[in-house]
Amino acid sequence: MTECFDCDNCKESLYGRKYIQMDNGPYCIPCYDAHFANTCDECKELIGHDCRELYYEDRHYHEHCFRCFRCDRSLADEPFTCQGEELLCNDCYCSEFSSKCIACEKTVMPGSRKLEYNGQTWHEHCFICSSCQQPIGSRSFIPDNKDYYCVPCYESKFAPRCTRCKKTLTKGGVTYRDEPWHKECFVCTGCKTPLAGQQFTSQDDNPYCIKCFGNLYAKKCSACTKPITGFGGGKYVSFEDRHWHHNCFNCARCNTSLVGKGFIPDNDEILCRDCSSDL
């Protein structure tokens, strides 16, 4: 007696016919296609057992249906991108969705190294310094109108130079007589003390701290012999070739202040009227 060998679905004999063995039994070709074949997402027809089936994100396609939505090129063996519900070949995707390099006007391919700034895009090798023409890459840069400079070129071309050391000023600094100085370079001509943020004056266009200026150039008080600088609201009195701080201009005998009063010179001394009358 011949052993039964039938399709598990329609029960027709499979002797002499093509069949497909599944886990639960054999199936004739029509039954297999009807129950197990996937539906093509593009043409909505079954993908038969004898067709090459392509699968992408829970969607199934006949090989001849897996094509670029724009140019209709087969994507079976090509790189592609999904944009929304549309499958696009690389050329169509780049043409429609990728940015173009502002320098060479060619497409910046997905995944390639690029630089974006102020709404514009460059290939990494196209973003170059306007001066030295070398790629800037990931280094810092400074824009100037439509030009872009690496920091060394910008400093060399545009940055002000310190009046003393002649090197560029990249931040901060001091302006003296309309000339730029590094803070550490702007020092007293006499003692070399930094003058930034300090009171200072000048002599022959050279800056001096108050102490050095007083010692070198200021008039000396005839009473205390200290410099009369006039800084800090200090006032002084002059008589002939002699000078006094206001608080030093006193009678040599009684020490009464003579500021705004009459006085009598007596050799190197000055006297109030009362003391002079006792002589």
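**Exercise 1. How many disulfides does the count come to in this predicted model?**

Step 1. Start with the cut-off: a disulfide needs a pair of cysteine sulfur atoms within 2.5 Å.

Step 2. Try Cys-82. The nearest cysteine sulfur belongs to Cys-68 and sits 12 Å away, so with that cut-off Cys-82 is in no disulfide.

Step 3. Now try Cys-212. Here the nearest cysteine sulfur, that of Cys-209, is 3.5 Å away, and Cys-212 is in no disulfide either.

Step 4. Write down the total: the count is 0 disulfides.

**Exercise 2. Work out whether Cys-212 is buried or exposed.**

Step 1. Recall that buried means under 20% relative accessible area.

Step 2. Cys-212 has 13% relative accessibility, so it counts as buried.

**Exercise 3. Describe the surroundings of Asp-33.**

Step 1. Find Asp-33 on the chain: it's part of helix 1, which covers residues 29–36.

Step 2. List its contacts, skipping neighbours within four places in sequence: you get Leu-46, Gly-48 and His-49.

Step 3. Look for a partner of opposite charge. The nearest such side chain is Lys-18, 11 Å away, and Asp-33 is buried with no salt bridge.

**Exercise 4. Set the UniProt record beside the domain assignment.**

Step 1. From the unreviewed UniProt entry, note "domain: LIM zinc-binding" at residues 38–98, 99–160 and 219–279.

Step 2. Check two of these spans. Residues 38–98 are 13% helix and 26% strand, with end C-alpha atoms 34 Å apart. For residues 99–160, the figures are 11% helix, 26% strand and 38 Å.

Step 3. Turn to the domain assignment: domain 1 (19–92), domain 2 (98–156), domain 3 (160–216) and domain 4 (230–278).

Step 4. Finish with a distance: the C-alpha centres of domain 1 and domain 4 are 113 Å apart.

How values were computed: Residues numbered from 1 in each chain as written. Predicted model: local features only at pLDDT ≥ 70, side-chain atom pairs only at ≥ 80, totals over all residues. Heavy atoms only, no water. UniProt positions renumbered as here; feature names shortened; annotations may be inferred. Helix = DSSP H or I, 4+ residues; strand = E, 2+ residues; numbered from the N terminus. Buried < 20%, exposed > 50% of the residue type's maximum accessible area, 1.4 Å probe, protein only. Lys, Arg positive; Asp, Glu negative; His and termini not counted. Salt bridge = Lys/Arg side-chain N within 4 Å of Asp/Glu carboxyl O. Contact = heavy atoms within 4.5 Å. Domains from an automatic or database assignment.
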